[in-house]
Amino acid sequence: MKIAFYDAKNYDKNSFNHLNEEYGYKIKYFDYKLNEDTAKLSKGYEVVCAFVNDTINEDVINILHEQGVGLIAMRCAGYNNVDFEAAYNKIHVVRVPAYSPYAVAEHALALIMTLNRKTHKAYSRTRDNNFNINGLQGFDLYQKTIGVIGTGKIGQIFASICKGVGMKVLAYDKFPNETSGLHYVDLPTLYAQSDIISLHCPLLNDTHHIVNESSLNQMKDGVMIINTSRGGLIDTEALIDCLKSKKVGYAGLDVYEEESEYFFEDFSEEIIDDDILARLLSFPNVLVTSHQAFLTAEALENIATTTFESIISFENNHELVNEICYNCDKKNVCKPEEQTKCF
Ligand code: NAI
């Protein structure tokens, strides 16, 4: 069984090659992202391994299907870039539902801590022998209120970390988990009472631009917004307006709605054409990281293990336990009991 591995980075190659000493698959690593032009490179491969910014639309799926690809193994948890309707009955799609929810939850806390206590600025100053602390004032997280939107694997771990530093946690989820011990409220209450709001829900039709002009206006003045989930959850232009008006006090973004062209690549010698991204990067109270929340040793090992296990199941015609359910995603009407079954 041969695997065409798209958008391969050194850390991917290291973790997959290391484990592949056990599995012995033939893997061809492509630097390119998967799209209509590069899909043809997978001719002769049964499995395609793809990532968050690959394009897996109807055209790409049809090309892969015609070339005999039977499995798309997403080496990530999110799957908003896959057209499941097009894939249905043609190609199986699996993902890695949980590789390290701790990695993402801890990165969300890192964004909060950095924005608040400005350690990134302190680092630059002291490296330059500048020991002045003017402008580095933060606030105690203790007893502040954090609103967590989406209380799945990552959201729940993030909430418990926040409780650990003495924060009050308010939660919102379309399918509240009543055994989580979290205090669920409706979105208007969460917006009105939270000093910090952190997004941990998937990008779906009903969560697209969940942070928009209207929701931002319901939030506290000076609110901190954290997004380690998917860029499309935030209407970036509305966020920029609120940063300019100081309605939003801080934004920590590991994801950006138009990230696919820039994130994971080095543009340090080039001009950024995306004016919205450039504007975001110009604010002193905005911290952008390049979709790195998942990037821990433990997560990479789990991603490789789960992906190989899915490929073995596919090869042996066994049940694909990490297959993504077309009906749930497309109709977006999961009931909790269906959700457990599908995810
Ligand atoms: P999960 O599936 O365990 O939890 C998602 C939660 O969101 C569920 O409780 C679900 O009921 C809830 N939800 C669904 N629709 C909602 C709505 N309309 N409003 C509020 N909540 C809603 O997913 P997990 O593992 O916690 O991951 C969350 C997201 O984190 C993923 O969808 C992915 O986009 C993102 N992610 C980002 C990474 C990064 O490196 N930045 C890495 C891994 C995941």
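This report describes the ligand site and the two sheets of a predicted model.

**The ligand and its surroundings**

The ligand is surrounded by 26 residues, and the closest of them are Tyr99, Lys153, Ile154, Asp173 and Thr228. By class, the residues of this shell comprise eleven nonpolar, nine polar and six charged. Both domains take part: domain 1 (2-99 + 297-341) and domain 2 (101-288) each supply at least three residues to the shell.

Three contacts between polar atoms of the protein and the ligand are set out below.

| Residue | Protein atom | Ligand atom | Distance |
|---|---|---|---|
| Gly152 | backbone N or O | oxygen | 3.3 Å |
| Asp173 | side-chain N or O | oxygen | 2.6 Å |
| Asp206 | polar side-chain atom | nitrogen | 3.3 Å |

On its own, the ligand has 870 Å² of accessible area, and the protein covers 92% of that area. Asp173 thus appears twice in this account, being among the closest residues to the ligand and also placing a side-chain N or O atom 2.6 Å from a ligand oxygen atom.

**The six-strand sheet**

One open sheet consists of six strands, arranged in the order 7-6-8-9-10-11 with parallel pairing. Strand 7 (168-172) and strand 11 (286-288) occupy the edges; each has a single partner strand, so one side of each lacks a neighbour in the sheet. From one strand to the next, the twist averages 15°.

Within this sheet, strand 6 (residues 145-149) and strand 8 (residues 196-199) are joined by four bridges in the parallel sense. The bridge partner of Val148 in strand 8 is Ser198. In general, the strands of a sheet pair through backbone hydrogen bonds, in either a parallel or an antiparallel manner.

**The five-strand sheet**

A further open sheet has five strands in the order 2-1-3-4-5, and its pairing is parallel. Its edges are formed by strand 2 (26-29) and strand 5 (92-94), each of which pairs on one side only. Here the twist averages 20° from one strand to the next.

Which strand pairs with strand 2 in the parallel sense over four bridges? The partner is strand 1, made up of residues 2-5. Between these two strands, Ala4 has Lys28 of strand 2 as its bridge partner.

**Summary**

In this predicted model, the ligand lies in a shell drawn from domain 1 and domain 2, with 92% of its accessible area covered by the protein. The model also contains an open parallel sheet of six strands and an open parallel sheet of five strands.

Notes
Residues are numbered from 1 along each chain as its sequence is written. This is a predicted model: local features need pLDDT of at least 70, side-chain atom pairs count only at pLDDT 80 or more; totals for chains, interfaces and linings use all residues. Side-chain values use heavy atoms; hydrogens and water are left out. A residue is near a molecule or strand if one of its heavy atoms lies within 4 Å of it. A polar contact is a pair of N or O atoms within 3.5 Å; within protein, one must be able to donate a hydrogen and the other to accept it, and residues adjacent in sequence count only if both atoms are side-chain atoms. Accessible areas come from the Shrake-Rupley method with a 1.4 Å probe; for residues, only the protein chains shown count as cover. Ala, Val, Leu, Ile, Met, Phe, Trp, Tyr, Cys and Pro count as nonpolar, Asp, Glu, Lys and Arg as charged, and the others, Gly among them, as polar. Domain bounds come from an automatic or database domain assignment. Two strands pair if DSSP finds at least two bridges between them. Axes are lines fitted to C-alpha atoms, for helices over the stretch in contact, and angles run from 0 to 180 degrees between N-to-C directions.
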